[in-house]
Amino acid sequence: MQLLTKKSDAEPVAAPLWHTNFRNFDRLPDTKVVRTTFFINTAAIAVTLGLILWLGQREYTDYNLRAQKADAQRQVDGNQKQNSEALRLSKVFLEEERKLNEVAAFLKTPVTPAEFVQLIGQSLPKDISIDYVETRTTESKNSVFQLKGRVAGNPDQASGITSNYIDLLRAHERLGKVFDPITLNRLDRGDSKGGFMVFDISLTVKAEKK
C-alpha cells in the first residue's frame with residue numbers, strides 16, 4: 001500500500017478526453033454585451049444625419065442669399081425710377097441754366113447785335129457785301145461776332161480789299177474798343193470764274209480787365 005501510494009503521488013493522473021471539439025466559431029452567435037453591428041449601424045446613421053444637416057444648412061444659406069438678392073433688386077428697381085427722374089430734372093436744369101447764362105452774357109455784351117449791324121453797315125466798303133452775321137454769346141468775355149460775305153475782284157484784288165477791311169475794323173472808333181482780336185478765318189474763291197471771293201471774319205469781344 002505504501003508503494004502504491006508513493007507511486008500515485010509521484011505521477012499525476014491525466015484527465016481522460018470524453019468527446020471531440022467540433023465547434024465552428026465563425027458560425028457561432030455573437031455573445032458579446034454590445035454587438036459589432038450596433039457600432040456599424042450607429043456610425044452609418046451618424047454619417048447620414050451629418051450629410052442631411054449639411055445639405056439642409058447649405059439649402060438654408062442659398063435661400064437666404066436668394067432672398068437678399070431679390071430684396072436688393074427690388075431696392076435697385078425702386079431707386080432706378082428716382083434716379084431716372086433726377087437725371088431728367090438735372091438735364092432740364094442744365095439746359096435752363098445754359099439759356100440763362102446766354103441771356104446774362106448777352107445783356108453784359110458791350111455791343112448789341114443791332115448796334116453791331118448798324119456799325120458794320122456804316123463802315124462797309126463798296127466792294128464788300130455781307131451775307132451772314134452770327135452772334136455767339138455763351139459768355140460775355142468770350143462772345144464772338146462772325147461776318148461772312150463776298151468781296152469783288154480777282155484773288156489778288158480781293159485779298160488786298162479784305163486785308164484793308166480788317167484794318168478798318170480794327171481802327172474803328174467803336175468796334176476797335178470792343179473787339180480784339182479781329183481775325184480773317186478764311187478767304188476762298190466764290191465761283192469758277194474768279195469774279196469774287198468769299199470771306200469769314202470773326203470779332204471776339206475783349207476780355208474784361210481785372
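1. Leaving aside neighbours within four places in sequence, Leu203 is in contact with Phe116, Ser143, Val144, Phe145, Leu147, Leu169, Phe179, Pro181 and Ile182. The model in which these contacts are found is a predicted one, and the points below should be read with that in mind.

2. Leu203 also belongs to the residues with the most contacts inside the largest nonpolar core, a group that further includes Phe116, Leu147, Leu169, Phe179 and Ile201, the core as a whole having 21 residues. At least two residues of this core come from each of α3, β2, α4, α5, β3 and β4, the last of these spanning 196–205. With five residues, β4 gives the most to this core. As general background, nonpolar side chains tend to be buried together in soluble globular proteins.

3. The aromatic pairs come to three in number. In one of them, the rings of Phe116 and Phe179 have centres 5.6 Å apart and planes at 70°, and the pair is therefore edge-to-face, the angle being over 60 degrees. Since Phe116 lies in helix α3 and Phe179 in strand β3 (residues 179–189), this pair ties together parts that are 63 residues apart in sequence. Both partners are buried, Phe116 with a relative accessible area of 0% and Phe179 with one of 2%.

4. Phe179 has a further aromatic partner in Phe145, and this pair too is edge-to-face, at 5.2 Å centre to centre and with 75° between the planes. Here the link runs between distant parts of the chain, with Phe145 in strand β2 (residues 144–152) and Phe179 in strand β3, 34 residues apart. Phe145 counts as buried, its relative accessibility being 0%. Taken together, Phe116, Phe145 and Phe179 form one aromatic cluster, and each of these three residues also appears among the contacts of Leu203.

5. A ring is involved in another way at Phe196, where the charged end of Arg150 sits over the ring at 5.7 Å from its centre.

6. Six salt bridges are present in the structure. One of them joins Glu115 and Arg174 through their side chains, at 2.9 Å from N to O. Glu115 belongs to helix α3 (residues 113–122), whereas Arg174 is in the loop between α4 (155–171) and α5 (175–178), so this salt bridge ties together parts that are 59 residues apart in sequence. Neither end is classed as buried: Glu115 is partly exposed with a relative accessible area of 25%, and Arg174 is likewise partly exposed at 29%.

7. Another salt bridge is local to a helix, with Arg88 and Glu85 having their closest N and O atoms 2.7 Å apart. These two residues both lie in helix α2 (residues 36–108) and are three residues apart, about one turn of the helix. Arg88 is partly exposed, with a relative accessible area of 46%, and Glu85 is partly exposed at 37% relative accessibility.

8. The side chains of Asp188 and Arg186 also meet in a salt bridge, at 2.4 Å from N to O. The relative accessible area is 30% for Asp188, which counts as partly exposed, and 39% for Arg186, which is partly exposed as well.

9. Ser123 deserves a separate remark. Its place is in the loop between α3 and β1 (128–136), and with a relative accessible area of 12% Ser123 is buried, because buried means under 20%. The side chain of Ser123 reaches the backbone oxygen of Leu119 at 2.9 Å. Apart from neighbours within four places in sequence, Ser123 is in contact with Tyr165, Leu168, Leu169 and His172; one of these, Leu169, is also listed among the core residues with the most contacts.

10. Arg170, finally, is placed in helix α4 and counts as partly exposed at 47% relative accessibility. Not counting residues up to four places away in sequence, Arg170 touches Gly176 and Ile182. Arg170 and Ile182 are 12 residues apart in sequence, and their C-alpha atoms are 6.7 Å apart in space. Ile182 is a residue that Leu203 contacts as well.

How values were computed:
Residues are numbered from 1 along each chain as its sequence is written. This is a predicted model: local features need pLDDT of at least 70, side-chain atom pairs count only at pLDDT 80 or more; totals for chains, interfaces and linings use all residues. Side-chain values use heavy atoms; hydrogens and water are left out. A salt bridge is a side-chain nitrogen of Lys or Arg within 4 Å of a carboxyl oxygen of Asp or Glu. Helices (H or I, at least four residues) and strands (E, at least two) are DSSP runs, numbered from the N terminus. Buried means under 20% relative accessible area, exposed over 50%, partly exposed in between (1.4 Å probe, protein chains only). Rings of Phe, Tyr and Trp (its six-membered ring) pair if their centres lie within 6.5 Å; planes under 30 degrees apart count as stacked, over 60 as edge-to-face and the rest as tilted. A charge sits over a ring if NZ of Lys or CZ of Arg is within 6 Å of the ring centre and within 35 degrees of the ring normal. A polar contact is a pair of N or O atoms within 3.5 Å; within protein, one must be able to donate a hydrogen and the other to accept it, and residues adjacent in sequence count only if both atoms are side-chain atoms. Contact means heavy atoms within 4.5 Å. A nonpolar core is a set of buried Ala, Val, Leu, Ile, Met, Phe, Trp, Tyr and Cys residues joined through side-chain atoms within 4.5 Å.
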